Amino acid sequence: MRIGELSRRTGANAHQLRYYESQGLLEPARGANGYREYDESALLRVKQIRHLLGAGLSSEDIAYLLPCATGEAPELLGCPELLAAMRSRLRRLDDQMERLAHSREALTDYIEAAERVGGESYPPLGLTLPA
C-alpha cells in the first residue's frame, strides 16, 4: 500500500509517517517509481508507535523498544534493557512533574500576594512606564 492508504487506515498523517521513517521506526520498500510501499505489517507498527508516543516515550526510546513489542497496544517483553530504559524515562517524567509543581506553587504564591495587595489600576500610582 502507498503512504496515503497507510495514513487513511491508521489515522496518522503522511508527514508523521515520513517522520517515523526518518527516525528508523518504519521501513517501507520503494517501488520502481520511487514511491514508498508498505506491507500489512506497517499497520500494526504504526499503531504501536502511536501508542508508545502517547505514553510519552521519545522516538529514540521507541526505536529501542519496538523489537520487544507485540500486539497493537503493544505488550512489551520484560527484558532488563527494556525495563531500564522505561524506568529511566519514568524518572525523567517524575523530575519534570516535580519542577512543574514547584513552578505552579511559586506562581500561585505570586498571584495570592498580588491579590492581597490589590491594585485596581496599572501602573501603580506614582509609577510611570517608560515610553
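**α2 against α3.** I began with α2 and α3 in this predicted model, and found them packed at an angle of about 90°, with their axes 12 Å apart. Angles of 65 to 115 degrees count as roughly perpendicular, so I wrote α2 down as roughly perpendicular to α3. Next I listed who touches whom: α2 brings Gln-16, Leu-17 and Tyr-20, while α3 brings Val-46, Ile-49, Arg-50 and Leu-53. Sorted by class, the residues of this contact come out as five nonpolar, one polar and one charged.

**α1 against α2.** Which residues of α1 meet α2? First I took the geometry: helix α2 covers residues 14-22, and α1 packs on it at an angle of about 105° with the axes 9 Å apart. That value makes α1 roughly perpendicular to α2. From α1 I noted Ile-3, Leu-6 and Ser-7, and from α2 the partners Ala-14, Leu-17 and Arg-18. I counted four nonpolar, one polar and one charged among the residues of the contact of α1 with α2. Leu-17 was a familiar entry by now, as it also belongs to the contact of α2 with α3.

**α1 against α3.** For the remaining pairing I looked at helix α1 (residues 3-10) and helix α3 (residues 41-54), whose axes come within 10 Å and cross at roughly 55°. This angle lies outside the 65 to 115 range for roughly perpendicular and is not under 35, so I logged α1 and α3 as oblique to each other. I also noted that their crossing is right-handed. On the α1 side the contact uses Leu-6, Arg-9 and Thr-10, and on the α3 side Ala-42, Leu-43, Val-46 and Arg-50. By class, I have four nonpolar, one polar and two charged residues here. Leu-6 had come up before, in the contact of α1 with α2, and Val-46 and Arg-50 in that of α2 with α3.

**The largest pocket.** How much space lies in the largest pocket? I read off about 210 Å³. Its lining has 14 residues, and those closest to the centre are Leu-26, Glu-27, Ser-41, Ala-42 and Arg-45. Ala-42 was already on my list from the contact of α1 with α3. I then asked which element gives the largest share of the lining. The answer is α3, with five residues. The lining as a whole splits into seven nonpolar, three polar and four charged residues.

**A proline to flag.** Last, I looked at the backbone around Pro-74. The peptide bond from Ala-73 to Pro-74 is cis, and I have its omega near -20°. I placed Pro-74 in the loop between β3 (69-70) and β4 (75-76).

Technical notes: Residues numbered from 1 in each chain as written. Predicted model: local features only at pLDDT ≥ 70, side-chain atom pairs only at ≥ 80, totals over all residues. Heavy atoms only, no water. Axes fitted to C-alpha atoms, helices over the stretch in contact; angles between N-to-C directions. Helix = DSSP H or I, 4+ residues; strand = E, 2+ residues; numbered from the N terminus. Parallel < 35°, antiparallel > 145°, perpendicular 65-115°, else oblique. Left-handed = near helix turned anticlockwise from the far one by under 90°. Contact = heavy atoms within 4.5 Å. Nonpolar A, V, L, I, M, F, W, Y, C, P; charged D, E, K, R; others polar. 1 Å grid on protein atoms, 1.4 Å probe; cavity = no way out; pocket = protein on both sides within 12 Å on 5 of 7 lines; lining within 4 Å. Points joined across faces, edges and corners; volume = space filled by probe spheres on them.
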